[in-house]
Amino acid sequence: MAPPRIIAPSGTIGILGGGQLGRMAALAAAELGYDCHIFTPEDDSPAARVAASATVAAYDDADALARFAGAVDVVTFEFENIPFETVQMLEKTLPVRPGWEPLRVAQDRREEKRFLNGQGIPTAPWVNVESLADLEAAVGEIGHNGVLKSARHGYDGKGQARIKPDTPLAEAWSEVGEEAAVFEGFVDFACEIAVVVARGIDRSARAFDVTETVQANHMLDRALVPARIAPAIAVAARETSIAIADALDVVGLITVEMFVTRDDEVLVNEMAPRPHNSGHWTQDGCVVSQFQQFVRAVAGLPLADPARHADIVMKNLVGDDVADWKTLTADPAACVHLYGKREARPGRKMGHVTWLKPKTD
Ligand code: AMP
């Protein structure tokens, strides 16, 4: 019998991954009457602590996956680095939303850029690099100013080396672990933006407003909405993001990160087929948050209207920033969200805060 397309409230959503994105998705699922079952290799994970049940096992533990599959009605994931075999096994008996294709493309920067360029969507100039000799050739082609990024498993600036005119290439090559990579030309951007798109089982897509993202230490620091860009750029960014969701036939969420160049060109940097840090402001700034929209799409419910009702600044709390919780919770205007992580290591995302103002656009 084919698995049901629509999971009724009181059903169980299986989530691969136990981080803060899974935690906030599980909280949003609970609001709609769903239970979540988290599958993660991590003990005491932020998501498992708010979910109805959890399996702590490796992603390639076939027995644990079979038990998980028997306990849930639909499967989704909150991070990208899920092995193909895991998804393949779960897809035999359950809907996995979004499915393997968006995951496959997002897992590898080469696949991602090939896909985007194949769709006619511009990116920074890039070249595939598999050796130091390749890197030397790539720099010869694109110029000695760019970023070398490992093709797989990179996030928050990990596995990346900035190559400036005086950077020795051998050093950069060793910095990314001498593994398959892409070399991208440096984009002298005016700002960075991101769009979260939800797409339902009826294949209709709804995009949240464009977020302006400000990075610090290779990681999102602040999100500003509305983004300080021309209206035509916002329209183009949302249209491109929806076109990507359509082309990958996403059922769930996909977040598209983009550069806006000084000539007002929009270049796609990367994408993630899941809720995203740049969309956390939707929890306080919209009638439906990215997490509830995600749950709706994954469960096969209709999507809600993602309209925004305020201007918003969101600030990430990274590492020791979370020690300010007394001050932040004493600010009556601050919407504080903490992830319950036991240890505040440097560079670890511990929570976020949003501040709302009356809508100006
Ligand atoms: P990524 O992991 O690809 O999202 O890169 C992290 C951050 O590094 C981006 O948000 C940008 O701020 C910066 N960055 C990455 N690639 C480039 C590029 N080609 N040109 C300029 N800045 C970049």
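**Figure 1. Val129 faces Ala181 across a strand pair.** Here Val129 stands opposite Ala181 in E8. This is a predicted model, in which local features need pLDDT of at least 70 and side-chain atom pairs count only at pLDDT 80 or more, while totals for chains, interfaces and linings use all residues. Residues are numbered from 1 along each chain as its sequence is written, and side-chain values use heavy atoms, with hydrogens and water left out. E5 and E8 pair in the antiparallel sense over four bridges; two strands count as paired if DSSP finds at least two bridges between them. Strands (E, at least two residues) and helices (H or I, at least four) are DSSP runs, numbered from the N terminus.

**Figure 2. Stepping back shows an open antiparallel sheet of four strands.** Its strands follow the order E5-E8-E6-E7. At the edges are strand E5 (126-129) and strand E7 (160-163), each pairing on one side only. From one strand to the next, the twist averages 20 degrees; axes are lines fitted to C-alpha atoms, and angles run from 0 to 180 degrees between N-to-C directions. As a general reminder, strands of a sheet pair through backbone hydrogen bonds, either parallel or antiparallel.

**Figure 3. A second open sheet of four strands has parallel pairing.** The order to follow here is E3-E2-E1-E4. Strand E3 (53-56) and strand E4 (74-77) are its edge strands, and each pairs on one side only. Neighbouring strands of this sheet are turned by 20 degrees against each other on average, direction ignored. For a closer look, strand E2 (residues 35-40) pairs with E3 in the parallel sense over four bridges, and the bridge partner of His37 in E3 is Ser53.

**Figure 4. The ligand makes polar contacts with Glu184, Gly185 and Glu192.** A polar contact is a pair of N or O atoms within 3.5 Å. One nitrogen atom of the ligand lies 2.8 Å from a polar side-chain atom of Glu184, and a ligand nitrogen atom is 3.0 Å from a polar backbone atom of Gly185. On Glu192, a polar side-chain atom lies 2.6 Å from an oxygen atom of the ligand. On its own, the ligand has 480 Å² of accessible area, and the protein covers 92% of it; these areas come from the Shrake-Rupley method with a 1.4 Å probe.

**Figure 5. The shell around the ligand draws on two domains.** Of the 14 residues around the ligand, Lys149, Gln160, Glu184, Glu192 and Glu270 come nearest; a residue is near the ligand if one of its heavy atoms lies within 4 Å of it. By class, the shell has five nonpolar, four polar and five charged residues. In this grouping, Ala, Val, Leu, Ile, Met, Phe, Trp, Tyr, Cys and Pro count as nonpolar, Asp, Glu, Lys and Arg as charged, and the others, Gly among them, as polar. Both domain 2 (125-185) and domain 3 (189-358) give residues to the shell, so the ligand lies between them. The C-alpha centres of domain 2 and domain 3 lie 28 Å apart. The assignment of the chain also gives domain 1 (12-96); domain bounds come from an automatic or database domain assignment.

**Figure 6. Three loops hold backbone details to look for.** Most residues other than glycine have a negative phi, and most peptide bonds are trans. The peptide bond from Arg97 to Pro98 is cis, with omega near -10 degrees, and Pro98 is placed in the loop between helix H3 (84-91) and helix H4 (100-106). Val225 and Pro226 are also joined by a cis peptide bond, with omega about 5 degrees; Pro226 lies in the loop between strand E12 (219-225) and helix H8 (231-247). Asn217 is not a glycine, yet has a positive phi of about 50 degrees. Look for Asn217 in the loop between strand E11 (211-216) and E12.

How values were computed:
Polar contact = N/O pair within 3.5 Å; in protein donor to acceptor, adjacent residues only side chain to side chain.
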